[in-house]
Amino acid sequence: MSQTKTAVIAPSASRQRWNATDLGLIAVFAAIVAGAALVPGIPLAVGVPITLQTLAVMLTGMVLGPARAFAAVGLYTLLGLAGLPIFSGGRSGLGILAGPSAGYILGFTLAATVVGFLSVQVLRRTRKLRALWFFAAAMATSIVCIHSLGVAGIVLNTGATFQQAFLADLAFYPGDILKNILAALIAVSLHRAFPDILVRRAARS
């Protein structure tokens, strides 16, 4: 009888649950992403402005890891689609999914999750050149998760050809390089100052 109880209790005892700190971090970083979207951007001809959002999204993933980053950026996206004016330019609502920004916005949650996973691997495997590895993870994630979906959104919602959308998307790369460098440096500094944010979670998992 006692063995049965142990077998039932053990999995739940080892399961990690979010605590108040986790929920607070999710809320804070969702607000950071929203704040970055409200900073006036640089308008482009394609109808998608250059904003600080990718910096905030990548920083969220690097600091919180995949699960909490997914929750934070997903919360931001859901609130924006529900009607809060927290997308770039103060836009909101489901209508955003019919515009040229749709792919980029939908790519944010995926990107935060992927770069969060990669950041955990960096923290597990190396203590050297972490800023460089974070930057590499952010750039790879940006290209695969944000730019690819962004190009697809432009093609689907504007009628542009793939070549036109791809060339329009290239305008975002110089800014993304700078923002990912900054996000990587900030993330490394935060992990040094607050090692409990992600390092111990990575080690336990």
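I'll start with one residue, M58. Leaving out residues up to four places away in sequence, M58 touches A111, V115, A138, T141, S142, I146, N180 and A183. Keep in mind throughout that this is a predicted model.

M58 is also one of the residues that touch the most other members of the largest nonpolar core. That core has 50 residues, and the others in this group are F29, M62, V63, L64, Y76 and F134. Which elements give two or more residues to the core? They are α2, α3, α4, α5 and α7. The biggest contribution is from α3, with 13 residues.

So let's look at α3. This helix covers residues 53–82, which makes 30 residues. Its end C-alpha atoms are only 19 Å apart, while a straight helix would reach 44 Å at 1.5 Å a residue. Where does α3 bend? The place is G65, and the bend there is about 130°. A proline, P66, follows within four residues. Most of α3 is covered, with 22 of its 30 residues buried. Just after the helix comes G83, with a positive phi of about 130°.

Next, α4, residues 102–125. From its first C-alpha to its last, this helix of 24 residues reaches 35 Å, close to the 34 Å expected at 1.5 Å a residue. It does have a kink, of about 35°, centred on F108.

Now a polar contact. D22 sits in helix α2, which runs over residues 20–38. Is D22 buried or exposed? Its relative accessibility is 2%, so D22 counts as buried. What does its side chain contact? The side chain of D22 makes a polar contact with the side chain of R68, at 2.8 Å.

On to the aromatic pairs. How many are there? The count comes to three, and I will describe two of them. In one, Y76 and F87 are arranged edge-to-face, with 5.6 Å centre to centre and 85° between the planes. Y76 is in helix α3 and F87 is in the loop between α3 and α4, so this pair ties together parts that are 11 residues apart in sequence. Y76 counts as buried because its relative accessibility is 1%. F87 is buried as well, with a relative accessible area of 0%.

The other pair I want to show is Y104 and F172, which is tilted: 5.3 Å centre to centre and 55° between the planes. Here Y104 belongs to helix α4 and F172 to the loop between α6 and α7, so the parts tied together are 68 residues apart in sequence. Y104 has a relative accessible area of 7%, so it is buried. For F172 the value is 8%, and F172 is buried too.

Y104 comes up again with C145. These two are 41 residues apart in sequence, and their C-alpha atoms are 8.5 Å apart in space. C145 is in helix α5 and is buried, at a relative accessible area of 5%. Which residues is C145 in contact with, leaving aside neighbours within four places in sequence? They are G107, L110, A111 and V114. You have already met A111, among the residues that M58 touches.

Staying with α5, residues 130–158, I'll turn to R130, which is found in that helix. Is R130 buried or exposed? At 17% relative accessibility it counts as buried, because the cut-off for buried is under 20%. Setting aside neighbours within four places in sequence, R130 is in contact with V122, L123 and V188.

L129 is in the loop between α4 and α5. Its relative accessibility is 60%, so L129 counts as exposed. L129 also has a positive phi, about 55°, although it is not a glycine.

To go back over the main points: α3 gives the most residues to the largest nonpolar core, and α3 bends by about 130° at G65. The edge-to-face pair of Y76 and F87 links α3 to the loop between α3 and α4. The tilted pair of Y104 and F172 links α4 to the loop between α6 and α7. That's all from me.

Conventions:
Residues numbered from 1 in each chain as written. Predicted model: local features only at pLDDT ≥ 70, side-chain atom pairs only at ≥ 80, totals over all residues. Heavy atoms only, no water. Buried < 20%, exposed > 50% of the residue type's maximum accessible area, 1.4 Å probe, protein only. Polar contact = N/O pair within 3.5 Å; in protein donor to acceptor, adjacent residues only side chain to side chain. Expected span 1.5 Å × (residues − 1). Bend = angle between axes of the 7 residues up to and from the residue. Core = buried A, V, L, I, M, F, W, Y, C linked by side-chain atoms within 4.5 Å. Contact = heavy atoms within 4.5 Å. Phe/Tyr/Trp six-rings, centres within 6.5 Å; stacked < 30°, edge-to-face > 60°.
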